[in-house]
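Visitor: Hello! I am new to this structure and would like a close look at one part of it. Could you show it to me?

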Amino acid sequence: MSITLYFSKVNINSHIFDVYEDKKKLKEILKKLYLNIKEDVSYVKKNLNYAENGETYIYDAEFKFNLINKLNDDTIVGTVIKTSTLFVNQVNQETGDRKKIPVENSEVIEFYFDVYKEIVTFHRTNRFGHAEFTEAFQELVNKCMSEESEQYHFEVALLREGLNVEDIQKQLKTIGNLEIVKIEIIPPNPDDDLLDEIQENGEEYITDIKEGNVTHTSTIFTSKETRGLNIDAKIIQEEFKKISKIHSKLTDEEATRNGYVTVEAINKSGRLYSTNKNKAITDKIEEKPENFMTFATICKKKIASVVNSLK
C-alpha cells in the first residue's frame with residue numbers, strides 16, 4: 001500500500017533579523033536546533049470534541065518526540081507520538097445496553113527532518129492528520145529550543161500550492177458578504193540567493209519590520225454592514241499590496257506556499273476561507289519502508305526533488 005508524504009517548512013522567526021544581517025547565523029541557529037531535538041520532549045493540547053448526543057467535551061492530547069536518530073548529514077529521523085483518550089462503545093450482551101468507556105489511544109507518525117533545508121517530511125494516520133502534525137512539530141521544536149539561554153522561536157507551515165494576491169481576492173469575492181478578513185505576515189526565511197538580495201537591498205518592507213523588530217503582523221478587517229467588506233477599497237488593498245512588497249525577488253506564490261503569508265476570511269453565513277486550506281504539496285512512497293534508515297534515504301531524495309521543483 002502506498003504512503004502519501006507531506007512536507008512542512010520550518011521558519012526561524014525570533015532571530016530572523018540576525019540572519020538578514022549575517023547569513024552565517026542561519027547555519028549556527030539550525031545547528032543548535034539539530035543538537036537540541038531529543039526524545040521524550042512533549043506538550044499537551046486541549047481539544048474540543050462532540051459526543052453522539054451533540055454535547056461537547058474537552059480532552060487532552062499529548063504529543064511527544066520518540067525514537068530520535070541523528071544522522072551524520074545533519075538530518076533527523078524519528079517519530080511523533082500522539083496519545084489521547086477515545087470513547088468507545090461497550091455493549092451489555094444480556095440487556096443490549098450500550099455505554100461509552102474511555103480507552104487510551106496512541107498514534108505514531110514517522111518523520112524525516114532535513115535541518116539545513118528547513119523541511120520536514122512525514123506521513124499521516126487516520127487520527128493524526130497533516131495539519132495537526134505540523135502544529136505539534138512546531139510546538140515540540142520550540143520546546144526543545146526553550147532550554148537555550150536565548151529564546152528561539154520557529155514557525156512551521158505545511159507546504160501548499162502557492163497563490164498570488166489576484167487569485168486570493170477572486171476567491172474571496174466568490175464567497176461574498178465578507179464579515180472578517182485577516183492577513184498575517186511573518187518575515188521570509190529565504191534561500192541563499194534571496195538572502196544575498198536582502199543584505200544588498202532590503203527594500204522598504206524588510207527595512208520597516210527590521211526597524212520595529214516585528215516578527216509577525218496580523219491585520220483584521222471586520223464589518224457588520226449587511227453588504228460586508230469591500231475588498232477593493234483602498235484601506236484593504238493597501239494591506240494586500242504588502243504581500244507583493246515583502247521583497248521584489250519573492251513572489252506571492254512563494255510567500256503563501258512557504259507560510260510567510262496567511263489570508264483567512266469568514267462571510268456573513270459563517271463560511272470559512274483560508275489559504276491554509278489550499279492543496280498540500282505531496283509525494284508518494286509505493287510501500288512502507290522496512291526500517292528508519294530506508295525511510296530516511298527515500299525521504300532525503302523526495303525533499304531534494306521538492307526543493308528543486310519549487311525553484
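Visitor: About how many helical turns separate Lys 170 and Glu 166 in helix H4?

Guide: Happy to help, and please keep in mind that this is a predicted model. Lys 170 and Glu 166 both belong to helix H4, which runs over residues 165-175. They are four residues apart there, so about one helical turn separates them. Their side chains form a salt bridge, and the closest N and O atoms are 3.5 Å apart. Side chains of opposite charge can pair when their charged atoms come close.

Salt bridges with shared partners also link Lys 182, Glu 184 and Glu 264 into one network. In total, the structure holds 19 salt bridges.

Another of these pairs is Glu 118 with Lys 9, at 3.5 Å from N to O. Glu 118 sits in the loop between strand E5 (98-114) and strand E6 (119-122), while Lys 9 is in strand E1 (residues 3-12), so this salt bridge ties together parts that lie 109 residues apart in sequence. Are these two partners buried or exposed? Glu 118 is buried, because its relative accessibility of 7% falls under the 20% limit. Lys 9 is buried as well, with a relative accessible area of 7%.

For another setting, look at Lys 24 and Asp 22, whose salt bridge has its closest N and O atoms 3.4 Å apart. Here Lys 24 counts as exposed at 57% relative accessibility, and Asp 22 is partly exposed at 26%.

How values were computed: Residues numbered from 1 in each chain as written. Predicted model: local features only at pLDDT ≥ 70, side-chain atom pairs only at ≥ 80, totals over all residues. Heavy atoms only, no water. Salt bridge = Lys/Arg side-chain N within 4 Å of Asp/Glu carboxyl O. Helix = DSSP H or I, 4+ residues; strand = E, 2+ residues; numbered from the N terminus. Buried < 20%, exposed > 50% of the residue type's maximum accessible area, 1.4 Å probe, protein only.
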